[in-house]
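Biologist: Hi, can you walk me through this one? I'm new to reading structures, so plain words please.

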Amino acid sequence: MSSLSLSLGEDDPLGPSLRRQAKLASLLYAPEEARTRTRRIYEALLDESPQVRSGNFTKIASDDLERLFHLYDRGFFRGFLAEMLQEDRAYPMAFRLSRRLTRAAGQTIRLVRRIKQGGRVVDQPEYEISVSTTLLFNTFQDVDREIVVGGLVCADRLEALQRIFEHELLHLAEFLGWGRSSCSAENFHALSRRIFAHEGVRHDLVTPREQAAETFGVRVGDAVEFLMEGARLRGRVNRITRRATVLVEHPSGVLFTDGRRYQTFYVPLALLRKL
Ligand SMILES: [Zn+2]
């Protein structure tokens with residue numbers, strides 16, 4: 001088992017990394033072609049998924065990400081991704097939906113474990129792609145504006161998910177081919193243009209902060225009031241993620257750099273009243 005990647009390297013004068021990089025660099029789709037292929041994946045997911053039933057789906061499961069992985073690997077990567085993962089014995093990889101990602105729309109991590117194998121210690125990589133459901137479900141909800149991910153306008157939630165997932169697949173491809181990945185570097189930009197015709201690496205999905213301002217009229221810095229165990233408390237919004245962090249001045253609170261003491265409360269946005 002452990003000789004697999006070694007023997008590949010010996011047979012191949014370029015070695016596994018250069019061969020992988022060459023394969024990934026050979027992927028090139030004209031923007032029109034990329035659009036056609038992503039649309040096919042859009043239809044296929046609607047067809048195959050028990051959860052994702054419409055463009056603005058309200059349910060999703062982590063196996064939908066796995067479905068997307070296979071559709072993309074076949075449709076864009078000629079099966080290279082699964083092939084490389086298998087070579088590294090990191091297949092199947094992990095897919096997760098995350099409520100905690102409130103700024104990044106997705107995340108791809110590469111974890112290297114040192115394991116013992118036949119008396120030797122070897123590096124065993126593991127990969128995981130997460131997608132933020134907080135951002136996905138905040139978007140195409142109450143806030144009505146144009147949504148752009150990867151430089152492309154998204155018509156609905158499923159298109160936004162696809163653009164997010166494409167970005168994460170490029171991180172995975174870079175990890176597999178180059179051993180590291182950065183979406184602020186030129187290599188990533190080139191791959192994203194050539195494979196998915198992306199025109200950028202950012203997203204403007206609706207964050208909890210924007211959602212709070214739109215739906216509840218609450219912004220960071222606002223004075224607010226809320227009920228806590230029967231008591232009416234007043235404080236200031238310090239941070240907004242899935243809930244608002246509200247600082248309430250109190251003698252037994254923690255000393256902050258402004259010289260005052262505050263207690264910290266995590267309050268659901270709907271329970272806040274602006275003062
Ligand atoms: Zn990135």
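Modeller: Sure, a definition to begin with: two strands pair if DSSP finds at least two bridges between them. Strands (E, at least two residues) and helices (H or I, at least four) are DSSP runs, numbered from the N terminus. This is a predicted model, where local features need pLDDT of at least 70, side-chain atom pairs count only at pLDDT 80 or more, and totals for chains, interfaces and linings use all residues. Residues are numbered from 1 along each chain as its sequence is written.

Biologist: Okay, how many helices and strands does the chain have?

Modeller: There are nine helices and 10 strands. The C-alpha trace spans about 70 × 50 × 35 Å along its principal axes.

Biologist: What is the strand order in the open sheet of five strands?

Modeller: The order is S9-S8-S7-S6-S10, and the pairing is antiparallel. Strand S9 (261-267) and strand S10 (273-274) each have a single partner strand, so they stand at the edges and one side of each is left without a neighbour in the sheet.

Biologist: And what holds paired strands together in general?

Modeller: Strands of a sheet pair through backbone hydrogen bonds, either parallel or antiparallel.

Biologist: How many bridges join S7 to S8?

Modeller: Four bridges, between S7 (residues 231-240) and S8 (residues 244-255), which run antiparallel. Val-237 has Val-246 in S8 as its bridge partner, and Arg-236 has Leu-247. The two strands form a hairpin with three residues between them.

Biologist: What about S8 and S9, how many bridges there?

Modeller: Eight bridges, again in the antiparallel sense. Val-246 turns up here too, standing opposite Phe-265 in S9. The S8 and S9 hairpin has five residues between its strands, and Gly-259 in that hairpin takes a positive phi near 85°.

Biologist: Switching to helices. At what angle do H3 and H7 pack?

Modeller: Helix H3 (residues 31-48) and helix H7 (residues 157-178) pack at about 120°, with their axes 11 Å apart. Axes are lines fitted to C-alpha atoms, for helices over the stretch in contact, and angles run from 0 to 180 degrees between N-to-C directions. That makes H3 oblique to H7. For the cut-offs, under 35 degrees is roughly parallel, over 145 roughly antiparallel, 65 to 115 roughly perpendicular, and the rest oblique.

Biologist: Which residues in H3 and H7 meet?

Modeller: Thr-38, Ile-41 and Tyr-42 in H3 meet Leu-158, Glu-159 and Gln-162 in H7. A contact is when the C-beta atoms of two residues, placed from the backbone, lie within 7 Å.

Biologist: Cool. How much of the chain is buried?

Modeller: Buried residues make up 31% of the 275 residues. Buried takes 20 or more other C-beta atoms within 10 Å of a residue's own, exposed is 12 or fewer, and partly exposed is in between, with C-beta atoms placed from the backbone.

Biologist: So why does Arg-193 count as partly exposed?

Modeller: Because Arg-193 has 17 C-beta neighbours inside 10 Å. Arg-193 lies in helix H8 (residues 186-196). Its C-alpha is 8.8 Å from that of Tyr-29, although the two are 164 residues apart in sequence.

Biologist: And what does Ser-98 touch?

Modeller: Leaving out residues up to four places away in sequence, Ser-98 touches Ser-130, Val-131, Ser-132 and Thr-133. Ser-98 is found in strand S1 (residues 94-98), and is partly exposed, with 16 other C-beta atoms within 10 Å.
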